[in-house]
Amino acid sequence: MSEPASSGAAPALGEGVAWGFCALGGAMVVALVALRSGDLAAAPVAVMGAGAAIAAAVGRRRNRPQVSYPWLLFSLACVGFIAGAVLRQVLAGTQFAPVADVATLAGYFATTAGFVGLLRCRQSSDRRLHSVVDGSIVLVAISALALVAFTLPTARNAGFSEFAVVQGAYPVIDAVMVFVAILLSWTSARRVTSFWLLAVSVVFMLIGDIGYAAIGTQGETVGSPLLDLPFVIAFSLFGAAALHPSMRILSAVQQRPVQAWSRGRVGLLVPMLLVPPAVLVWNDDSPSTWIGAAAGGLLALLVLSRAVTAVQAHAKAQEGLAYQATHDALTRLANRARLVQVVDELLLRADRAGDRVDVLFLDIDSFKLVNDTWGHQVGDRVLRLAAERLLTVTDATDVVARIGGDEFVLARYVGPHTPGGDELAAAVVEAFRQPLPGEDALVTTVSIGLAGSGASGGAAGPDSAESLLRDADTAMYRAKAAGRSRCMVFDPSMHDSVRQRVETELALRYALARDELLLHYQPIVSVQTGVVVGAEALLRWAHPSLGLVSPLDFIPIAEETGLIVEIGEWVVSEAVRQAARWRDQRAGSGMPDLWVAVNVSARQLRDPSLVDHVEAELQRLDLPASLLVLEITESAMMSDEDVAATLLHRLRDLGLTLAVDDFGTGYSSLGHLRRFPVSKVKIDRAFVAGIEHDADDAEIVRAVVAMSLAMRLDVVAEGIETEGQRVLLQQLGVQLGQGWHFGRPMPAEDCTFVLPQPARAKS
Ligand code: C2E
Ligand code: MG
Ligand code: MG
């Protein structure tokens with residue numbers, strides 16, 4: 001029903017058009033007074049009626065209200081009114097006179113339906129029910145009044161007829177319309193110009209109809225043309241309401257906070273409840289009628305006050321619930337639901353005013369580390385302090401929300417004189433560089449993504465709170481990747497890299513099923529003798545179009561999506577099978593069996609089925625557990641220490657060897673690693689690379705080797721590329737080494753070290 005805002009549509013109307021229409025109405029008022037006794041006396045009301053019908057149609061097209069059918073009904077209503085007015089003049093005195101009333105009444109029904117339509121768009125269903133009940137109360141009371149004031153006198157003078165009923169009906173319908181207009185004003189937080197024009201227009205209709213109802217009691221239907229004056233005014237206000245640009249948001253859904261009985265509502269209902277007793281004593285003032293009327297009125301008021309107190313208690317409870325539903329319990333900031341609602345409202349406002357809304361997506365850097373290291377209590381305190389800090393750098397009009405664990409969102413309405421989101425972001429980043437009050441040692445920086453409405457130029461459709469949040473979130477990830485504690489502004493090209501990532505993720509899902517994954521093996525040798533003692537299995541992805549993809553490019557994605565669990569199981573199965581094959585090849589050669597090292601990621605360490613899978617595979621191929629080494633980086637061990645420790649102990653109990661991979665790149669000390677049952681340490685390539693020229697690197701390696709030996713850990717040096725490095729490492733006491741100097745990672749069939757030919761030739 002709502003019209004799509006296509007780019008080719010005509011622009012919205014300016015306010016001037018609406019006021020111009022009002023001016024036309026003023027001219028017609030003057031014309032009516034001037035022409036009141038001439039033949040053209042009916043012209044002004046006809047002109048304004050037709051004008052209002054056209055105005056409603058034009059306003060509906062040009063202002064593009066969110067829900068447009070009420071305006072169509074208003075348009076039709078005006079047509080009904082004009083038809084009624086014309087027919088009344090033409091058919092006066094004939095037996096077909098009531099046909100005019102049919103047209104007019106149809107117009108009234110269309111108007112009422114239009115108002116109810118507007119009201120429906122703005123209210124939730126339970127409140128709609130309240131409106132219907134309130135409306136019925138008003139309807140009953142006004143009908144009683146109209147019957148007594150107009151229908152009965154008309155019937156007395158002209159005999160009871162449909163004419164008498166119709167005369168009584170007009171003011172009733174008007175009263176209902178006034179009431180719906182009042183309800184409409186209660187549902188709107190801000191009463192826009194269009195609303196006021198509509199409401200006053202309805203009041204003038206009521207005045208006009210009371211005039212006609214009054215002459216109706218004398219049996220007349222046609223009186224002085226001046227009786228049409230209120231209708232000329234009503235039509236001009238009505239047309240102006242349709243043409244005014246604010247009509248666009250008249251039908252916007254309004255979620256108002258829960259209301260108890262408003263004063264206005266009670267003030268309206270009390271007189272209505274007192275109408276029936278008043279009607280009783282209208283003509284009959286016998287004592288018994290007075291007593292009955294007083295008791296009836298009193299009872300009605302008592303029942304109403306009973307209802308009011310009950311509803312007030314209920315509203316209070318609901319208010320509490322509504323607060324809970326829209327706020328975060330820990331920080332008392334708005335939650336996601338509330339944020340989305342408020343930002344959508346701001347966007348609507350900004351769109352009309354030509355301003356914009358900036359949304360900042362914040363994530364506390366390494367918050368997980370805080371939680372893991374100091375516990376959840378400190379984590380909660382940090383979140384509360386972060387919330388306070390955000391409140392100090394924002395303005396009262398900014399929206400501050402917490403939408404997830406350590407994710408906060410700020411939204412700012414940026415008008416011509418407001419500093420933009422970039423300035424706000426800079427202030428936030430700066431504020432978070434200071435240590436947290438009361439947590440001296442703790443500095444928690446934030447990464448921020450910024451997205452502003454209108455930035456996409458409408459290419460990705462109109463802005464919504466959700467789309468802005470998504471863009472700001474994307475930018476926030478960029479800020480993290482760029483080194484944290486900074487703000488990145490969203491740019492549509494960021495979506496491309498996200499899309500690329502999603503594509504990789506999708507392809508990775510099928511990689512296993514399509515047999516695109518394979519393992520390469522890199523020899524691990526005795527640094528002293530050069531004899532190969534084992535090999536590390538390194539994963540490769542033979543991508544159909546990208547070629548051989550490095551694990552560095554796809555393991556992080558596999559970890560994030562959880563695919564690593566399935567892939568990891570495949571790696572274990574494949575590596576165990578290879579180890580068994582090599583054992584069979586070496587059988588009887590007198591050479592010791594080669595062990596195979598498999599890399600295990602953090603995500604796998606949180607999956608208890610890993611142990612069962614490893615055990616099952618070893619059993620299936622009857623491979624001794626000592627031929628399988630699992631390599632785990634220190635950061636993976638630290639990410640969930642207790643869970644990791646439990647799982648590693650179970651693996652250790654199977655007889656497996658556990659190695660700390662990339663040692664030196666994390667934050668832990670060897671001492672800290674003692675709580676894990678590891679027996680091998682792999683010194684990261686970064687230290688080996690500098691060992692020949694950098695005294696510090698050499699010292700680090702020396703210290704690590706000394707400590708490892710003291711703790712009876714085997715040391716493997718990674719990334720040995722030169723003979724010089726090998727010699728130095730040997731002198732430092734390193735037993736095992738791995739690197740291009742000894743051999744690159746290669747397919748299993750190229751691993752000649754399994755049965756070395758030259759050695760055979762010599763023997
Ligand atoms: P890593 O476990 O530390 O593996 C050693 C990496 O160093 C390998 O990179 C290897 O090719 C490379 N390398 C070996 N010798 C030298 C050298 O002399 N010089 C240089 N510059 N590099 C050398 P690759 O194969 O790209 O693997 C990268 C990382 O991906 C691995 O680091 C490991 O953390 C991870 N990874 C590999 N396969 C798997 C797997 O099956 N599962 C899991 N979870 N991670 C894996
Ligand atoms: Mg490794
Ligand atoms: Mg490594």
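**Notes on the ligand and metal sites**

1. Let's start with aspartate 662: at 25% relative accessibility, this residue counts as partly exposed. Bear in mind that this is a predicted model. Aspartate 661, right beside it in the numbering, is buried instead, with a relative accessible area of 6%. The cut-off explains the split: buried means under 20% relative accessible area, so 6% puts aspartate 661 in the buried class, while 25% puts aspartate 662 in the partly exposed one.

2. Both aspartates turn up again at the metal. The magnesium ion (ligand 3) takes its protein donors from Asp661 (OD), Asp662 (OD) and Glu718, the last of which is listed twice (OE). Those donors lie 2.0 to 2.7 Å from the ion. If you like to read such sites along the sequence, the spacing of the donor residues is D-D-x55-E.

3. There is a second magnesium ion to look at, too. Aspartate 661 bridges ligand 3 and the magnesium ion that is ligand 2, and the two ions lie 4.0 Å apart.

4. Now for ligand 1. Which residues come nearest to it? Out of 24 residues around ligand 1, they are Glu536, Arg540, Asn599, Asp661 and Glu721. Asp661 is on that list as well as being the residue that bridges the two magnesium ions, so have a look at this aspartate, buried at 6% relative accessible area, when you open the model.

5. A few polar pairs around ligand 1 are worth picking out on screen. One nitrogen of the ligand is 2.6 Å from an N or O atom in the side chain of glutamate 721. A ligand nitrogen also sits 2.9 Å from a side-chain N or O atom of glutamine 522, and a ligand oxygen is 2.9 Å from a side-chain N or O atom of glutamate 536. Taken alone, ligand 1 exposes 790 Å², and the protein buries 86% of that.

6. Where does the shell around ligand 1 come from? Strand S7 (532-543), helix H17 (551-561) and strand S11 (657-663) each supply at least two residues. S7 gives the largest share, with four residues. By type, the shell divides into nine nonpolar, seven polar and eight charged residues.

7. Finally, zoom out. The protein has 26 helices and 15 strands. Its radius of gyration is 41 Å, well over the 27 Å that the globule rule gives for 763 residues, so the protein is more spread out than a compact globule. Along the principal axes, the C-alpha atoms fill a box of roughly 135 × 60 × 50 Å. Buried residues make up 47% of the 763.

Note on methods:
Residues numbered from 1 in each chain as written. Chains lettered and ligands numbered in written order. Predicted model: local features only at pLDDT ≥ 70, side-chain atom pairs only at ≥ 80, totals over all residues. Heavy atoms only, no water. Near = heavy atom within 4 Å. Polar contact = N/O pair within 3.5 Å; in protein donor to acceptor, adjacent residues only side chain to side chain. Areas by Shrake-Rupley, 256 points an atom, 1.4 Å probe, with all protein chains shown as cover. Nonpolar A, V, L, I, M, F, W, Y, C, P; charged D, E, K, R; others polar. Donors = N, O, S within 2.8 Å, 3.2 Å for Na, K, Ca; no water. Buried < 20%, exposed > 50% of the residue type's maximum accessible area, 1.4 Å probe, protein only. Rg over C-alpha atoms; globule rule 2.2 N^0.38 Å.
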